[in-house]
Amino acid sequence: MLPSSTPYTITWEKFPDHFVLPDDPVDHINEPILAAALTESLRFAGKLPETALTTTNYGICATLNGKFVVKAPDWAYIPHITVDLSEVNRCYTPRLQGEIPAVVLEFFSEIEGEEYSIKETYPPGKLFYYEQILQVPNYGIFDIKTGTLELYRLGENKRYKLEYANEKGRFWIPEMQLFLGVWQGKLDNWPGYWLRWWDEEGNLLLWGTELLQQERQRAERLAAQLRAAGIEPEE
């Protein structure tokens with residue numbers, strides 16, 4: 001990214017109730033399912049603290065040179081909020097209401113757009129906003145159609161640097177102590193590419209449907225063992 005030449009002042013203020021928040025269109029039918037699945041596996045694995053917040057197409061705000069700015073990433077993880085959830089029902093202002101997001105993800109399925117924008121003038125582009133204004137440590141851009149995930153990590157110079165996946169195609173997210181990567185398969189009968197979490201030992205964090213299937217298979221194995229021992233399992 002080019003060094004910033006435009007002076008700007010960042011403040012963290014509560015957005016007025018009358019401020020019109022963006023209503024970004026969903027470009028791909030799988031986007032809402034993909035976002036929900038990212039949160040679901042964290043919750044089932046006990047990786048979602050009570051004070052953490054995950055968001056989908058939800059405004060994350062700042063004030064730039066006295067003007068309100070809001071971007072609504074497709075998915076974001078905020079490790080800790082310091083206010084009641086009722087105070088962030090419309091949008092969220094980091095530093096004022098809690099921590100900076102640890103991860104922000106944008107999905108696209110057709111044409112590269114503002115996901116890569118380093119536009120500094122008002123309203124700023126998404127990449128510039130996440131990098132220079134919010135200073136989000138991890139910014140991912142995911143192509144739903146090709147299954148390509150680009151992950152940018154904020155360096156010591158406060159600039160994004162493109163990260164390279166490990167030998168398994170996954171990226172380590174230190175703020176979450178988890179790997180993020182791409183998995184191909186079906187969710188709710190929707191085939192495609194999905195973003196998934198793995199723990200430090202390489203175990204996949206499961207969705208609810210996978211946990212149910214796992215439990216069903218365990219019950220079937222137990223029933224088979226009982227029948228082999230001459231015991232008819234109770235229904």
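1. Before we start, one bit of vocabulary: two residues are in contact when they have heavy atoms within 4.5 Å of each other. Keep in mind, too, that what you're looking at is a predicted model.

2. Let's begin with the whole chain. The protein chain has three helices and 13 strands, and its C-alpha trace spans about 80 × 40 × 35 Å along the principal axes. Of its 235 residues, 43% count as buried. If you take the contacts with a separation of 6 or more, 57% of them come from residues 24 or more positions apart. The accessible surface is about 12,800 Å², and carbon and sulfur atoms make up 51% of that.

3. Now have a look at E115, which sits in the loop between β7 (103-108) and α2 (126-134). Which residues is E115 in contact with, leaving aside its neighbours within four places in sequence? The list is E106, F107, F108, K126, L127, Y139 and I141.

4. E115 has a charged side chain, as Glu counts as negative. Is E115 buried or exposed? E115 is buried, and yet has no salt bridge. The nearest side chain of opposite charge belongs to K126, 5.2 Å away. A salt bridge needs a side-chain nitrogen of Lys or Arg within 4 Å of a carboxyl oxygen, so this pair doesn't make the cut.

5. K126 leads us to helix α2, where it is one of the buried residues. How many of the nine residues of α2 are buried? Nine of the nine are, so the helix is largely enclosed by the rest of the structure. Among them you'll find aromatic-looking names to click on, such as F128, Y129 and Y130, but also E131 and Q132. Right after α2 comes Q135, which has a positive phi, near 60 degrees.

6. Next, a sheet. Three strands form an open sheet in the order β11-β12-β13, and the pairing is antiparallel. At the edges are β11 (170-173) and β13 (190-198), each pairing on one side only. On average, neighbouring strands of this sheet are turned by 35 degrees against each other, direction ignored.

7. Zoom in on β12 (residues 178-187) and β13: nine bridges join these antiparallel strands. For one example to find on screen, V182 has L195 in β13 as its bridge partner. Helix α1 (residues 31-44) packs on this sheet and touches β12 and β13. The direction of α1 makes about 35 degrees with that of β13.

Notes: Residues numbered from 1 in each chain as written. Predicted model: local features only at pLDDT ≥ 70, side-chain atom pairs only at ≥ 80, totals over all residues. Heavy atoms only, no water. Pairing = 2+ DSSP bridges. Helix = DSSP H or I, 4+ residues; strand = E, 2+ residues; numbered from the N terminus. Axes fitted to C-alpha atoms, helices over the stretch in contact; angles between N-to-C directions. Buried < 20%, exposed > 50% of the residue type's maximum accessible area, 1.4 Å probe, protein only. Areas by Shrake-Rupley, 256 points an atom, 1.4 Å probe, with all protein chains shown as cover.
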